[in-house]
Amino acid sequence: MNTGIKTTDIVVIGGGIIGAAVAYGLTKTGSSVVMLDEGDTAFRAARANFGLVWFQGKGLGSRRYVEWCLEATDKWPEFAAELFGINGMALFYENTGGLRLCYTWEDFQKRKALIDGLKDQNGKRPYDCEMLEHQLVQDMLPGVRLGESIVGASYSPRDGHLNPLCLLTSLHDCFQHKGGRYFPAHAVRKIRQVNDVFIIETGAARFGASKVVLAAGTGTVHLASMLGMRIPIQPQRGQILVTERVRPTLSVALETIRQTNEGSFLLGASHEEVGFDVHTSTAVVQKIARRAIRAFPDLAALKLVRCWGALRVLSPDEMPIYLESEEFPGVYVVTSHSGVSLAPLHACHIPGWIVECRVPQGFADFDLRRFHVQKNQ
Amino acid sequence: MFKRINDTFTDRVRVSVEGRDVLVAPGDTVVAAIFAAGKDYTRISSISGEKRGPYCLMGVCYECLVEIDGVPNQQACQTPVREGMRVILQRGLRGLRQ
């Protein structure tokens with residue numbers, strides 16, 4: 001067993017889309033960066049998500065979060081080009097516009113109230129989302145027949161989608177290309193501070209760093225507790241269905257139905273409080289399939305190829321948590337359920353905050369004080 | 001290219017492959033009909049444009065996709081032949097309404 005310590009400027013714990021985006025961004029600051037990944041037994045939301053780059057509907061109650069989401073969607077095209085410029089890997093990112101279907105009039109009114117609330121919250125600045133009734137929604141989707149019972153949808157031109165597996169692969173590739181060191185199968189067992197250095201112990205090796213970023217999804221709770229922090233994130237299960245491949249037909253991304261670049265339809269969604277259970281269930285699979293067929297009856301002819309369950313990493317208000325430990329300055333927590341949508345900001349603003357102490361304006365809105373919880377137990 | 005080892009079956013099932021009739025044995029899968037028609041591929045890949053054909057012959061590789069009686073993306077190795085079946089090679093992806 002190697003008893004030596006691998007030293008580096010910064011250790012990022014977590015190799016998912018958030019960890020990899022932060023780690024990649026950190027390599028651009030000139031710091032030496034190590035990224036540690038748990039392995040195949042981790043929950044791995046990075047590999048199980050729907051692939052939406054989504055703006056609409058988020059952030060009622062926080063104008064700052066709406067601005068954060070808006071900035072992220074604005075930066076996505078240039079971020080995709082930046083990664084592509086490094087390694088030539090396509091992300092299949094498309095700003096297709098996004099629809100969130102309403103299946104009943106009640107649903108439509110409820111959605112309209114949410115969007116109106118977000119418009120009011122935005123004050124003088126326009127909030128790019130409109131309610132469309134059935135025919136206008138059908139007009140946006142010339143290649144596919146919209147189910148008769150669909151009342152309408154909310155539409156935003158800012159939404160889109162990408163291939164999340166390509167994004168994760170590319171972030172890892174760009175990270176290593178820029179000199180970052182990646183260690184898979186290195187689950188962290190212990191973090192402690194000795195003088196000014198954080199010692200991180202995995203089963204296979206020890207690391208010493210002056211800064212540590214906890215970006216391990218649901219695993220962040222346990223890691224943070226090693227340093228006296230109580231992070232209030234909970235798992236929420238979503239199930240996703242995949243159909244056989246079809247010629248490109250659906251040109252817009254829907255919140256629960258999208259066609260991938262390879263031609264499969266991904267169908268969602270569910271929001272289940274079942275703890276750390278990633279099984280699929282017949283009842284939910286049926287419900288997702290029925291709702292998809294109500295939206296687009298022609299989907300009924302397709303075969304389902306696979307389905308899976310995965311865990312969203314949710315804070316109580318569904319907004320990110322970004323904080324630096326008060327007891328252990330130099331330890332950062334970066335967690336959100338929108339790792340795909342927010343990737344451009346996780347790759348630029350978060351590294352700037354960590355390395356140069358450039359705190360984005362209004363960043364305090366994202367720490368724990370908003371929950372009025374005890375930070376230490 | 002593929003030749004049947006034992007040609008002495010008496011029950012015969014007539015299947016049409018790309019418009020050409022072949023005779024196969026009851027219990028054969030559609031792969032046998034495709035081979036009997038002199039073809040070693042079932043489709044043109046939507047990604048590479050290559051000819052792709054049966055590989056694992058046990059339903060896990062999804063290479064032997066073919067259109068049977070108007071329904072695309074059928075695994076030839078998992079489908080037993082039926083009298084009068086019409087098999088068409090698959091060119092690229094299926095449409096949503098077929």
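Hi everyone, this is a short tour of one protein chain, from its overall form down to a single serine.

A word on the source: this is a predicted model, where local features need pLDDT of at least 70, side-chain atom pairs count only at pLDDT 80 or more, and totals for chains, interfaces and linings use all residues. Residues are numbered from 1 along each chain as its sequence is written, chains are lettered from A, and side-chain values use heavy atoms, without hydrogens and water.

Let's start with the whole chain. Chain A has nine helices and 18 strands; these are DSSP runs, with helices being H or I of at least four residues and strands E of at least two. Its C-alpha atoms fill a box of roughly 65 × 45 × 40 Å along the principal axes.

How much of chain A is buried? Buried residues make up 54% of the 377 residues, where buried means under 20% relative accessible area with a 1.4 Å probe, protein chains only. Contacts, meaning heavy atoms within 4.5 Å, also tell us something: of those with a separation of 6 or more, 73% are between residues 24 or more positions apart.

Now let's zoom in on S264(A), in the loop between β14 (257-259) and β15 (265-267). Is S264(A) buried or exposed? S264(A) is buried, because its relative accessible area is 10%. Leaving out residues up to four places away in sequence, S264(A) touches several residues, including V242(A), R245(A) and R258(A). Another residue that S264(A) touches is T243(A), whose backbone oxygen lies 3.2 Å from a polar atom of the S264(A) side chain.

Thanks for listening!

Methods: Buried < 20%, exposed > 50% of the residue type's maximum accessible area, 1.4 Å probe, protein only. Polar contact = N/O pair within 3.5 Å; in protein donor to acceptor, adjacent residues only side chain to side chain.
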